[in-house]
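Trainee: I've got this model open on my screen and I'd like to zoom in on one part of it. Could you walk me through the spot and what surrounds it?

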Amino acid sequence: MTSMSAATPAATRQPRKSKAGWNLLGLLVFVTAGFPVYWMLNTAVKPAKDAIDPDPSLLPTGLTLANFRRALDISDFWGPVGRSLLVSLTVVVVGILVGLLAALAISRFAFRGRKIVIVGILAVQMVPLVAMIIPVFLLLNDLGQYDRLTGLIITYLTFILPFTVWTLRGFIVNIPKELEEAAMVDGCSRTTAFLRVVFPLLAPGLVATSVYGFIQAWNEYLYALMLMSQKNQTATVWLGNFTTKHGTEYAPMMAGSTLMAVPIVVLFLLVQRKMAAGLTAGAVKG
């Protein structure tokens with residue numbers, strides 16, 4: 001009896017130590033991932049002279065909004081942001097519509113060459129984007145789409161669509177076919193069964209995929225730099241205006257980066273519940 005009572009506290013302490021270790025690891029990951037964001041905000045609200053101080057302070061020594069005014073005054077701010085929003089939203093809408101149909105065909109229908117299509121989607125995702133810059137540039141130039149938002153949208157779709165198809169395929173596979181079959185037995189057509197049964201279950205996955213697709217299109221820099229002129233530049237390229245032959249204005253640049261992060265943060269706050277549900281639904285195969 002004594003030995004059992006002595007072993008109980010030791011057995012209790014072991015899970016506590018393990019839990020404390022995981023909590024410490026999670027805190028370390030949070031600090032590592034969050035510190036760059038904090039430093040961006042810190043630099044954005046400190047005086048410009050403090051941003052280039054060789055001995056910077058972890059805490060802002062003086063708060064100012066002058067950097068944000070400078071960011072809004074330099075060149076044009078709302079033009080690039082508006083173009084980035086237009087391109088990103090169009091890519092997400094078109095990508096979701098086309099990607100959903102493709103993912104549904106791959107997941108629910110057996111056809112000749114199905115495995116080749118799946119392997120092709122994976123192969124496209126493995127190709128480095130930088131390797132396709134010259135072919136894409138030449139192709140868009142021949143099609144008359146160079147320095148046009150439509151050309152940039154088509155370019156973004158080439159690497160966001162495979163991601164969308166592959167991700168949505170994982171969500172659709174997790175939805176049992178028996179649900180559709182039961183609805184069809186009750187008198188629903190295949191389309192009605194999909195809209196009433198499958199689509200509501202797929203909604204969280206659509207939200208999660210849309211958010212990631214939007215982030216990819218919003219943050220893309222290389223193709224926007226190579227394919228668009230200064231008058232049609234997007235928000236990421238617009239940040240390059242803070243680097244001139246006289247140096248880099250770090251404080252206004254961080255203020256501009258903060259302003260650019262606002263749409264992503266707002267979007268995430270609006271759909272965070274659906275996004276979390278979608279990530280959980282896609283994690284385990286049903």
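**A serine and the helices around the core**

Mentor: Let's start with Ser-257, which lies in helix 12. Keep in mind that we're looking at a predicted model. Is Ser-257 buried or exposed? Its relative accessible area is 15%, and the cut-off for buried is under 20%, so Ser-257 counts as buried. Setting aside neighbours within four places in sequence, Ser-257 is in contact with Met-40 and Leu-239.

Now, the helix that carries Ser-257 also feeds the largest nonpolar core. Helix 12 spans 250–281 and is one of the helices that each supply at least two residues of this core. The others are helix 1 (2–44), helix 3 (66–73), helix 4, helix 5 (114–126), helix 7, helix 9 and helix 11 (235–238). The core has 35 residues, and those with the most contacts inside it are Leu-100, Leu-202, Trp-238 and Phe-242. Helix 4 gives the most, with seven residues.

Take Leu-100 for a closer look. If you skip residues up to four places away in sequence, Leu-100 touches Gly-95, Leu-168, Ile-172, Phe-194, Phe-199, Leu-202 and Leu-206. There's also another core, lying apart from this one, with 17 residues, among them Val-136, Leu-152, Ile-160 and Met-228.

Next, how does helix 4 sit against helix 7? Helix 4 covers residues 78–108 and helix 7 covers residues 149–173; their axes come within 6 Å and cross at roughly 40°. That angle makes helix 4 oblique to helix 7. The crossing is right-handed, and by class the contact has 22 nonpolar, five polar and three charged residues.

Helix 9, another contributor to the big core, has a partner worth checking too. The axes of helix 8 (residues 177–185) and helix 9 (residues 190–219) come within 9 Å and cross at roughly 140°. Helix 8 and helix 9 are therefore oblique to each other, and helix 8 passes helix 9 in a right-handed crossing. On the helix 8 side, the contact is made by Leu-179, Glu-180, Ala-183 and Met-184, while helix 9 brings Arg-190, Ala-193, Val-197, Val-198 and Leu-201. Sort those contact residues by class and you get seven nonpolar, no polar and two charged.

Key:
Residues are numbered from 1 along each chain as its sequence is written. This is a predicted model: local features need pLDDT of at least 70, side-chain atom pairs count only at pLDDT 80 or more; totals for chains, interfaces and linings use all residues. Side-chain values use heavy atoms; hydrogens and water are left out. Axes are lines fitted to C-alpha atoms, for helices over the stretch in contact, and angles run from 0 to 180 degrees between N-to-C directions. Helices (H or I, at least four residues) and strands (E, at least two) are DSSP runs, numbered from the N terminus. Angles under 35 degrees count as roughly parallel, over 145 as roughly antiparallel, 65 to 115 as roughly perpendicular and the rest as oblique. A crossing is left-handed if the near helix is turned anticlockwise from the far one by less than a right angle, and right-handed if clockwise. Contact means heavy atoms within 4.5 Å. Ala, Val, Leu, Ile, Met, Phe, Trp, Tyr, Cys and Pro count as nonpolar, Asp, Glu, Lys and Arg as charged, and the others, Gly among them, as polar. A nonpolar core is a set of buried Ala, Val, Leu, Ile, Met, Phe, Trp, Tyr and Cys residues joined through side-chain atoms within 4.5 Å. Buried means under 20% relative accessible area, exposed over 50%, partly exposed in between (1.4 Å probe, protein chains only).
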